[in-house]
Amino acid sequence: MGSVWRSIVHVYFIIALFGSSALAEDPYKFFTWTVTFGTIWPLGVPQQGILINGQFPGPQIDSVTNDNIIVNVFNKLNQPFLLSWNGIQQRRNSWQDGVSGTNCPIPPGKNFTYKFQVKDQIGSYFYFPSLSFHKAAGGFGGLNVVSRPRIPVPFPSPDGDITLLIGDWYKGNHATLRRRLEYGRALGNPDGVLINGRGPNGYSLTVDQGKTYRLRISNVGLSSSLNFRIQGHKMKLIEVEGSHTVQNLYDSLDVHVGQSYSVLVTANQPPQDYYMVASTRFTSPILTGIGIFRYSNSQKGVSGPIPWGPTNEIDWSINQARSIRWNLTASGPRPNPQGSYHYGTITISRTIKLANGAPFINGKQRYTVNGLSFVQPDTPLKLADYYNIGGKFALGGIPDYPDGRSPYLQTAVISGTYRTFIEIVFQNYENTIQSWHLDGYSFFVAGMDGGEWTAASRKGYNLFDTVARCTIQVYPRSWTAILISLDNAGMWNLRSETWERQYLGQQTYLLVKSPVKSLRDEYDIPHNALLCGSATGRPRTPHH
């Protein structure tokens with residue numbers, strides 16, 4: 001009987017530890033990460049980097065749909081720290097999102113265990129440090145979710161699966177860059193482009209002749225859209241942020257900040273070394289990151305000019321973006337075809353039009369959404385809402401349309417009605433490209449075009465086979481429209497992926513609340529939730 005009781009106690013321990021967010025039949029993956037500062041030399045000069053278990057970039061998480069991911073993060077920095085999981089939807093569980101609006105920071109010398117499930121998801125994503133401009137020092141890594149064994153995948157199993165984290169990079173210390181922003185000054189141009197943490201010619205990928213590889217490409221940089229290409233090789237697009245795509249061939253691919261793409265590349269050229277290139281778009285000067293795509297039986301080093309890529313061509317990029325479409329017959333994370341969800345036939349209940357701006361407020365450079373420049377609160381919004389702590393944020397404090405008001409500083413949150421279907425239009429009146437990300441959701445990219453969005457713009461929407469994704473670009477003096485089903489209750493960050501803009505106010509939160517308190521709609525506060533600000537000392541008692 002003793003062993004039986006031990007088993008029962010063990011089961012209750014698991015339930016107590018992981019709560020209702022975990023299903024007993026789904027596997028657990030455990031990770032222990034130690035976060036430290038260390039010296040790195042990505043562009044040939046020593047600088048302070050953020051390492052996870054001594055690695056830059058950080059360790060990769062490889063998971064399967066519905067896995068429960070348990071990450072115990074030990075913060076050995078001398079400053080507070082948080083990790084966020086770009087593209088992981090945290091179904092019913094914004095408690096684990098790891099941004100300042102949902103989580104108290106992990107204090108120096110302390111640890112916090114993230115517990116989340118990659119529920120009903122597949123695809124290529126990444127994690128990153130969300131506070132204090134830490135992203136400029138590293139601390140990011142790949143996070144991949146593959147289909148369960150019995151779910152059909154619309155391409156043959158590749159011979160290799162490689163994550164490529166590309167991004168622009170500054171030689172400056174992250175604290176120096178942050179102070180520059182806080183003084184109201186612009187960051188200026190980055191110093192280079194990295195591929196998997198390495199500078200020019202520093203990263204090489206070895207492939208075997210005749211074999212096909214899946215490359216998962218994520219732009220983890222701070223500001224620059226990047227064009228990725230491999231000399232002499234075509235790329236077959238297969239997946240975008242969890243959507244299986246129509247399998248078009250591309251010579252090069254624009255990957256905007258925060259975005260992730262999967263391509264298949266076959267090593268079908270003469271055996272030698274080839275350039276692998278990530279170069280900046282819409283910038284002056286053009287910065288280029290170079291790696292080596294090396295055949296294992298290579299007879300020759302890299303040669304010839306670096307392959308051409310677009311630089312300032314906007315129409316080229318818009319046309320490519322419109323060509324990226326949903327594979328309607330392919331399964332997603334579940335066996336039913338992606339196209340069985342007819343997003344284009346659902347009635348839109350609300351339209352929100354969000355315009356970015358770059359005003360000076362009180363003599364300092366800030367960035368805005370419909371005039372709002374978001375101010376970080378001393379208490380995470382999620383905790384303030386849970387404990388009904390007043391005065392921490394203004395629900396509905398941001399207008400649904402730009403109304404010409406003077407720019408203002410506020411902690412304003414958009415109120416979303418649970419289980420409604422809404423349209424968000426990102427309107428860009430500026431001459432710079434924008435990249436927007438929404439936590440907690442995958443949305444449909446209905447349309448994009450130049451000029452001003454009006455109701456008549458809907459005539460050009462793709463209501464049949466656009467992709468669902470979580471990060472989307474908005475071209476200069478253009479608009480992009482997305483459609484979202486607000487079926488995930490929580491407090492969700494809507495932000496610019498241009499990190500300077502995000503840091504200086506171009507972000508807000510979308511609060512989606514169920515009208516009834518039910519664990520079917522949203523999980524209770526985790527037993528290990530860190531408390532800070534006005535939530536310090538509150539009981540972590542369930543509300544359900």
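A residue counts as buried when its relative accessible area is under 20%, as exposed when that area is over 50%, and as partly exposed in between. Keep those cut-offs in mind as we walk through this predicted model.

**Starting at R477**

Let's try the cut-offs on R477. Its relative accessibility is 47%, so R477 counts as partly exposed. Where does R477 sit along the chain? Look in the loop between β33 (471-474) and β34 (478-485). Leaving out residues up to four places away in sequence, R477 touches N428, Y429, E430, N431, G450 and G451. One of these neighbours, Y429, has a backbone oxygen that the side chain of R477 reaches at 2.9 Å. For a sense of scale, try L264: R477 and L264 are 213 residues apart in sequence, and their C-alpha atoms are 33 Å apart in space.

**A buried asparagine**

Now hop over to N227, which lies in strand β13 (residues 226-230). Is N227 buried or exposed? N227 has a relative accessible area of 0%, so it is buried. The side chain of N227 makes a polar contact with the side chain of R229 at 2.9 Å, and a polar contact with the side chain of S252 at 3.1 Å. S252 also turns up among the residues that N227 touches, once residues up to four places away in sequence are set aside. The others on that list are L253, D254, V277, A278, S279, R281, G309, P310 and W316.

**Rings that meet**

Next up are the aromatic rings. How many aromatic pairs does the structure hold? There are 26. One of them joins W85 and Y114 in an edge-to-face arrangement, with 5.0 Å from centre to centre and 80 degrees between the planes. This pair links distant parts of the chain, as W85 is in strand β5 (residues 83-86) and Y114 is in strand β6 (residues 111-117), 29 residues apart. Both W85 and Y114 are buried.

W85 also pairs with F116, and this time the arrangement is tilted: 4.9 Å centre to centre, with 45 degrees between the planes. Again distant parts of the chain are linked, with W85 in strand β5 and F116 in strand β6, 31 residues apart. W85 counts as buried because its relative accessibility is 0%. F116 is at 2% relative accessibility, so F116 counts as buried too.

Step back a little and you can pick out a cluster: ring pairs link F31, W33, W85, F112, Y114, F116 and Y127.

**Charges over rings**

Rings can have charged company as well. Here are two lysines whose charged ends sit over a ring:

| Charged residue | Ring | Distance from ring centre |
|---|---|---|
| K135 | F128 | 5.3 Å |
| K382 | W95 | 4.7 Å |

**The largest pocket**

Last stop: empty space. Rolling a probe the size of a water molecule over the atoms shows where such space is left. The largest pocket has a volume of about 980 Å³. Its lining is made up of 38 residues, and Q89, R91, D120, P333 and D487 lie nearest the centre. Which elements give two or more residues to the lining of the largest pocket? They are β32 (468-469) and β34. The largest share of that lining, three residues, comes from β34. You have met β34 already: the loop holding R477 runs between β33 and β34.

Technical notes. Residues are numbered from 1 along each chain as its sequence is written. This is a predicted model: local features need pLDDT of at least 70, side-chain atom pairs count only at pLDDT 80 or more; totals for chains, interfaces and linings use all residues. Side-chain values use heavy atoms; hydrogens and water are left out. Helices (H or I, at least four residues) and strands (E, at least two) are DSSP runs, numbered from the N terminus. Buried means under 20% relative accessible area, exposed over 50%, partly exposed in between (1.4 Å probe, protein chains only). Contact means heavy atoms within 4.5 Å. A polar contact is a pair of N or O atoms within 3.5 Å; within protein, one must be able to donate a hydrogen and the other to accept it, and residues adjacent in sequence count only if both atoms are side-chain atoms. Rings of Phe, Tyr and Trp (its six-membered ring) pair if their centres lie within 6.5 Å; planes under 30 degrees apart count as stacked, over 60 as edge-to-face and the rest as tilted. A charge sits over a ring if NZ of Lys or CZ of Arg is within 6 Å of the ring centre and within 35 degrees of the ring normal. On a 1 Å grid over the protein atoms alone, a cavity is a set of points where a 1.4 Å probe fits but cannot get out, and a pocket is an open set with protein on both sides within 12 Å along at least five of seven lines; lining residues have an atom within 4 Å of a point. Grid points are joined across faces, edges and corners, and a volume is the space filled by probe spheres set on the points.
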